[in-house]
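Subject: The structure I promised you

Hi,

Here is the structure we talked about, ready for you to open. Have a look around it first, then read my notes below.

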Amino acid sequence: MERARRIANRATILRRIVSGSKQYRHHESPAIYAPSRYVSSLSPYTSSSSSVLSRSRSELFQQTRPISVEALKPSDTFPRRHNSATPQEQSKMAQSCGFDTLDSLIDATVPKSIRIDSMKFSKFDEGLTEGQMLEHMKRLASMNKVYKSFIGMGYYGTFTPPVILRNIMENPAWYTQYTPYQAEISQGRLESLLNFQTVITDLTGLPMSNASLLDEGTAAAEAMAMCNNILKGKKKTFIIANNCHPQTIDICKTRADGFDLKVVTADLKDIDYSSGDVCGVLVQYPGTEGEVLDYAEFVKNAHAHGVKVVMASDLLALTMLKPPGELGADIVVGSAQRFGVPMGYGGPHAAFLATSQEYKRLMPGRIIGLSVDSTGKTALRMAMQTREQHIRRDKATSNICTAQALLANMAAMYAVYHGPEGLKTIAQRVHGLAGAFALGLKKLGTVEVQGLPFFDTVKVKCADAHAIADAASKNEMNLRIVDKNTITVSFDETTTLDDVNKLFKVFAGGKSVPFTATSLAPEVEPVIPSGLVRETPFLTHPIFN
């Protein structure tokens, strides 16, 4: 940039010299030499270049005008940068429409009854420049206090590998893309999305996956719609187990109205299919409060009544848990957020939906498949595009342009970056930290730890959940309050041994803690039942290895 600036300055000086020399020759003596396109060190004009330069400078200073107030205002304003039409061009366009000014055009076209008399603001009347806005945002951001989150509920801290952050998330060639309709210029992105589908199918144990959806809650709602469509709308009740995330339940209830579906929430043991009107049931694996349950018999019972089973799951947990497909689930949904995608104040995050080949025509979202190009080489393209809203509006499954291509690509690259062993190492560490925390609480004896198996979330019964949460907040940690006597604590990739030690002090209630997470580590054992331990290999393709 500096070099370009120096060259531009030299060019300006040369133009002045040439211009001045032409004027000098015209007024002082007849032209002897043909005009030159540039001035070289051998040019006869250079002998008088200093006087010409001096003359042109004096003329320049004689032509200067007083500096206006407008010229002193910041130049990094929004209109100058983003509005391409100049005031003169706007006037010309207005005149071509038969009006003297833009204001008169507005007066003639926009009714006064819907216009505001004045757009005056006490603080930001002229609008902020780009530099001022950045400073304003930095000041606001500095007022926030970012605490460590142990809330869970489908949202977890994660480390985005710098190479993914730099080359994908901050790269316009990746972050500006939505759906790669033009396969001839999208092979790289299509390959990455195919990797995402491979991650999902391998971990869920189901053969078909999309790439991708908006978030876990809307993915569950899409699965609910699929259950309705599979049974051709003949059964209008959808049951949701109360061990699902609350936001998922709320979204399904909202979406159900549009499909004329009745949503019923119930405890797992109280779910009843006797009405004969149930099209599907949604369960969480692991549950929202951390429990890991064996759903094999539950699924068999649902299928015996002609009910489809949707299972909301966690990708990192599935590196250690038996895949939902092996438990008999018909549809699996979830979020890929903890695969390297920052929480981002709640979203968006790439979700997934996996199912069997039988229901592929009813799946929402884009699906990437293998094909052959015009030269006979293997190529990638979007499969079954006739399901999309812009081609067959009456048969469309959903608007797939909102399906988080960038975040699906980041999650796919996270899996490529770590590989199967790396992902399992992260999962085992998270599970170990949760185990150390649960063991420490049992030793403290101040609270009661749930007896059910868990992966990363520990459910705690206590006398006063709000008091413990307040104590944690003072230590810059956020816990989830389930009710006045229940707290859950979720662990993730970013959790450290020091974090666990701080939690011990919070739950000790003023008592001394005679141990640390490090000293407890040798005593910690996995709590996942042997029947739910994953044995099936995953991510065996060379791209992940």
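Below is what I found, starting with the whole chain and moving on to single residues.

**The whole chain**

Please keep in mind that this is a predicted model. The chain has 545 residues, and 42% of them are buried. Its secondary structure comes to 18 helices and 15 strands. About 30100 Å² of the chain is exposed, with carbon and sulfur atoms supplying 54% of that area. If you take the contacts with a separation of 6 or more, 71% of them are between residues 24 or more positions apart.

**Two sheets to find**

A bit of background helps here: strands in a sheet pair through backbone hydrogen bonds, and they can do so in a parallel or an antiparallel way.

Start with the open sheet of 7 strands, which has mixed pairing. Its order is β2-β8-β7-β6-β5-β3-β4. Which strands stand at the edges? They are β2 (208-209) and β4 (262-266); each has a single partner strand, so one side of each has no neighbour in the sheet. Inside that order you can follow β3 (residues 237-241) and β5 (residues 278-285), which pair in the parallel sense over 4 bridges. To locate the pairing on screen, click on T237, whose bridge partner in β5 is V278.

Another open sheet has 4 strands in the order β11-β12-β15-β14, and here the pairing is antiparallel. The edge strands are β11 (448-449) and β14 (480-483), each pairing on one side only. β14 runs antiparallel to β15 (residues 486-490), and 3 bridges join them. These two strands form a hairpin, with 2 residues between them. Try picking out the facing residues: I481 stands opposite I487, and D483 stands opposite T486.

**Salt bridges**

Side chains of opposite charge can pair when their charged atoms come close. A search of the whole structure finds 10 salt bridges, and I picked out a few for you.

One of them is between R255 and E222, with the closest N and O atoms 3.8 Å apart. This pair links distant parts of the chain: R255 is in helix α12 (residues 246-258) and E222 in helix α11 (residues 216-230), 33 residues apart. Are the two partners buried or exposed? R255 counts as partly exposed because its relative accessibility is 28%, whereas E222 is buried, with a relative accessible area of 10%.

Next, look at K459 and E289, where the closest N and O atoms of the salt bridge are 2.8 Å apart. K459 lies in strand β12 (residues 457-461) and E289 in the loop between β5 and α13 (296-304), so the pair ties together parts that are 170 residues apart in sequence. Both K459 and E289 are buried.

Then there is R338 with D314, a salt bridge of 2.9 Å from N to O. R338 lies in the loop between β7 and β8, while D314 is in strand β6 (residues 308-314), so this pair ties together parts that are 24 residues apart in sequence. R338 is buried at 5% relative accessible area, and D314 is buried at 12%. D456 comes in here too: D314, R338 and D456 are linked in a network of salt bridges.

**A few single residues**

Q337 sits in the loop between β7 (331-335) and β8 (351-355). With a relative accessible area of 1%, Q337 is buried. Its side chain reaches the backbone oxygen of V341 at 2.9 Å. Beyond its neighbours within four places in sequence, Q337 is in contact with several residues, among them G154, Y155, Y156 and H349.

D499 belongs to helix α17 (residues 497-508) and is buried, at 8% relative accessible area. What does the side chain of D499 make a polar contact with? The partner is the side chain of K148, at 2.9 Å. Not counting residues up to four places away in sequence, D499 touches K148, F150, M477 and T494.

Finally, something on the surface: I116, M119 and F121 make a nonpolar patch of about 370 Å². F121 is in the loop between α6 (102-109) and α7 (130-143), and at 48% relative accessibility F121 counts as partly exposed.

Enjoy exploring!

Conventions
Residues are numbered from 1 along each chain as its sequence is written. This is a predicted model: local features need pLDDT of at least 70, side-chain atom pairs count only at pLDDT 80 or more; totals for chains, interfaces and linings use all residues. Side-chain values use heavy atoms; hydrogens and water are left out. Patches are made of residues with over 30% relative accessible area and no salt bridge: like charges are joined within 9 Å, nonpolar side chains (Val, Leu, Ile, Met, Phe, Trp, Tyr) within 5 Å. Accessible areas come from the Shrake-Rupley method with a 1.4 Å probe; for residues, only the protein chains shown count as cover. A salt bridge is a side-chain nitrogen of Lys or Arg within 4 Å of a carboxyl oxygen of Asp or Glu. Buried means under 20% relative accessible area, exposed over 50%, partly exposed in between (1.4 Å probe, protein chains only). Contact means heavy atoms within 4.5 Å. A polar contact is a pair of N or O atoms within 3.5 Å; within protein, one must be able to donate a hydrogen and the other to accept it, and residues adjacent in sequence count only if both atoms are side-chain atoms. Two strands pair if DSSP finds at least two bridges between them.
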